[in-house]
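The following paragraphs lead the reader through one protein model, beginning with the surroundings of its ligand and ending with the packing of its helices.

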Amino acid sequence: MVAAEAPTTAPGETVDMELENVIRRRRMVRSFSGRRVPDDVVRRIVGAAVRAPTAGNTDGWAVVALQGPSETAAFWDATTTAEWRERSQRWPGLSLAPLVLAVMTSPGRYLDRYAEADKAPSGLGRTPSAEHAGDPAPPGDPAHPRDPAHPRDPAHPGTPALSEAASLAPAVPVGDPAEHAWPVPYWFVDAGQVVTHLLLAATDAALGACFLGNFRGETALLTTLGVPDGWRYVGAVLVGEPGAGDHRSASLARGRRQVDDVTHFGRW
Ligand SMILES: Cc1cc2nc3c(=O)[nH]c(=O)nc-3n(C[C@H](O)[C@H](O)[C@H](O)COP(=O)(O)O)c2cc1C
């Protein structure tokens, strides 16, 4: 094991870092050189995500790996607007990301998995009545997202009302009503863990990486990438050799909390 505060390896070459060093070094990189990430490194990064925890071992996620400008252009066209590209200071650096890993998740796979014998007692599996299109979501408690008192995206009733940016996007496909019985949708929990593994694996490969959330263009992206019905787009991990003029997030001014700030020992 070597301390790897400033690795001198070529991009993509394995740096044998302690986990703690990888975690400390990982930060969002928003400017790339454009140099292609070798295929074996792409496979190694995704391979780390295959090791991510997954509820019920469902593994209901997938990535679409877009490599090189001709493929990544489809991602940018679907998820950004010409107006944003025109005014964003980050766009020149982001646009050079040679690898875009678009993370997808399938709620239906979790509904099916949790209908299997060992998980059926959870009551979270797909129910026969839920298979009928148009069934209303079951009534919920006030704290639960399915509570009708909370504003919803009418096209996707299990999600909170979307931001104005998302209103630019066509509606995403309506999911199975049984999705709304889940207090915590594991398909998004799993996808988050996948994203973390991708980010850490990219750092371990001496590459930069950045997660971009799903702001807009989900339906357009799913369509243009040929993603089957029922899959949701979660966000994308951009990966590549860091480029000049990185743009740190203004959010960093909020600072990083310490263990005692986030931990309530024994009781909140
Ligand atoms: C769910 C989620 C969505 C994010 N969306 C974006 C995004 O769309 N664009 C972006 O530049 N950074 C995005 N970030 C990165 C955060 O801004 C970043 O993680 C945070 O400011 C801490 O910085 P660090 O990751 O470099 O330590 C996102 C992070 C998460 C976890």
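A residue is taken to be near a molecule if its C-beta atom, placed from the backbone, lies within 6 Å of that molecule. The model is predicted, and the description of the ligand site rests on that cut-off. The residues that surround the ligand are R27, M28, R30, C210, F211, L212, G213, S249, S251 and L252. By class, this shell comprises five nonpolar, three polar and two charged residues.

The sheet may be considered next. Four strands make up an open, antiparallel sheet, and their order is 1-2-6-5. Strand 1 (61-67) and strand 5 (208-213) form the edges, each pairing on one side only. From one strand to the next, the twist averages 20°. Within the sheet, strand 2 (residues 99-105) and strand 6 (residues 232-240) run antiparallel and are joined by seven bridges. In this pairing, V100 of strand 2 stands opposite L238 of strand 6.

Helix 7 packs on this sheet and touches strand 1, strand 2, strand 5 and strand 6. The direction of helix 7 makes about 160° with that of strand 2.

Helix 7 (residues 186-204) also meets helix 2 (residues 39-50): their axes come within 8 Å and cross at roughly 140°. Because of this angle, helix 2 is oblique to helix 7. The crossing of helix 2 past helix 7 is right-handed. On the side of helix 2, the contact is made by R44, I45, A48 and A49; helix 7 contributes V194, H197, L198, L200, A201 and A202. Classified by residue type, the contact between helix 2 and helix 7 contains eight nonpolar residues, one polar residue and one charged residue.

Conventions
Residues numbered from 1 in each chain as written. Predicted model: local features only at pLDDT ≥ 70, side-chain atom pairs only at ≥ 80, totals over all residues. Axes fitted to C-alpha atoms, helices over the stretch in contact; angles between N-to-C directions. Helix = DSSP H or I, 4+ residues; strand = E, 2+ residues; numbered from the N terminus. Parallel < 35°, antiparallel > 145°, perpendicular 65-115°, else oblique. Left-handed = near helix turned anticlockwise from the far one by under 90°. Contact = placed C-beta atoms within 7 Å. Nonpolar A, V, L, I, M, F, W, Y, C, P; charged D, E, K, R; others polar. Pairing = 2+ DSSP bridges.
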